[in-house]
Amino acid sequence: MHEASAEQASRTVIAFLEAVAAGDVDAAFSAHVADDFHHHNPWFADDRAAMCEAMKASAAAEPGKCFEVQQVITEGDRVVVFSRPARPQGRLRLGAHRATA
């Protein structure tokens with residue numbers, strides 16, 4: 001992937017994750033997730049609708065989350081984001097998110 005394309009892919013993934021963390025799940029999915037999206041989270045059905053609903057439930061359960069990027073790694077058509085979501089309740093968790101651009 002060209003360096004400019006890699007940078008755009010990183011920005012796109014971060015924009016998606018920030019929107020989801022802020023509770024704008026429908027807008028994030030509408031802007032950034034293809035209709036034929038599949039994921040590999042074993043806790044949910046592997047389709048777009050199931051992941052969108054799970055992210056909406058998470059946003060409703062913990063409103064006011066913010067999202068702090070720790071590191072972004074882009075290689076080929078893959079973007080990995082290491083993040084630290086901060087929750088209003090004060091709990092912090094380090095997470096890693098992988099996306100294919």
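Let me begin with a definition: a residue is called buried when its relative accessible area is under 20%, exposed when that area is over 50%, and partly exposed in between. The structure before you is a predicted model, and I shall apply these terms to it throughout.

I turn to the aromatic residues. With a relative accessible area of 1%, Phe29 falls under the 20% limit and is therefore buried. Phe16 is buried as well, at 13%. The rings of Phe16 and Phe29 form an edge-to-face pair, with 5.4 Å from centre to centre and 65° between the planes. Phe16 belongs to helix H1, residues 3–21, and Phe29 to helix H2, residues 25–32, so this pair ties together parts that are 13 residues apart in sequence. Phe29 also pairs edge-to-face with Phe37, at 6.4 Å between centres and 85° between planes. Phe37, for its part, is partly exposed, with a relative accessible area of 26%. Across the whole structure, the search finds 2 aromatic pairs, and ring pairs link Phe16, Phe29 and Phe37 into a cluster.

Next, the charged residues. How many salt bridges are there in the model? The count comes to 4. One of them joins the side chains of Arg11 and Glu7, at 3.5 Å from N to O. Both residues lie in helix H1, 4 residues apart, or about one turn of the helix. Arg11 is partly exposed at 44%, and Glu7 is partly exposed at 43%.

Another salt bridge connects Asp26 with Lys56, whose closest N and O atoms are 3.1 Å apart. Asp26 is in helix H2 and Lys56 in helix H3, so the pair ties together parts 30 residues apart in sequence. A salt bridge between Asp35 and Arg48 measures 4.0 Å from N to O. Here Asp35 sits in the loop between H2 and H3, while Arg48 is in helix H3. Asp35 is exposed, at 72%. In addition, salt bridges that share partners join Asp26, Glu53 and Lys56 into one network.

I close with Lys65, found in the loop between helix H3 and strand S1. Is Lys65 buried or exposed, and which side chain of opposite charge is nearest? Lys65 is buried yet has no salt bridge, and the nearest such side chain, Glu62, is 4.5 Å away. A salt bridge requires the nitrogen and the carboxyl oxygen to be within 4 Å. The side chain of Lys65 does make a polar contact with that of Ser58, at 2.9 Å. Beyond its neighbours within four places in sequence, the contacts of Lys65 include Ala21, Ala22, Ala86 and Pro88.

Definitions and conventions
Residues are numbered from 1 along each chain as its sequence is written. This is a predicted model: local features need pLDDT of at least 70, side-chain atom pairs count only at pLDDT 80 or more; totals for chains, interfaces and linings use all residues. Side-chain values use heavy atoms; hydrogens and water are left out. Rings of Phe, Tyr and Trp (its six-membered ring) pair if their centres lie within 6.5 Å; planes under 30 degrees apart count as stacked, over 60 as edge-to-face and the rest as tilted. Helices (H or I, at least four residues) and strands (E, at least two) are DSSP runs, numbered from the N terminus. Buried means under 20% relative accessible area, exposed over 50%, partly exposed in between (1.4 Å probe, protein chains only). Lys and Arg count as positive and Asp and Glu as negative; His and the chain ends are not counted. A polar contact is a pair of N or O atoms within 3.5 Å; within protein, one must be able to donate a hydrogen and the other to accept it, and residues adjacent in sequence count only if both atoms are side-chain atoms. Contact means heavy atoms within 4.5 Å.
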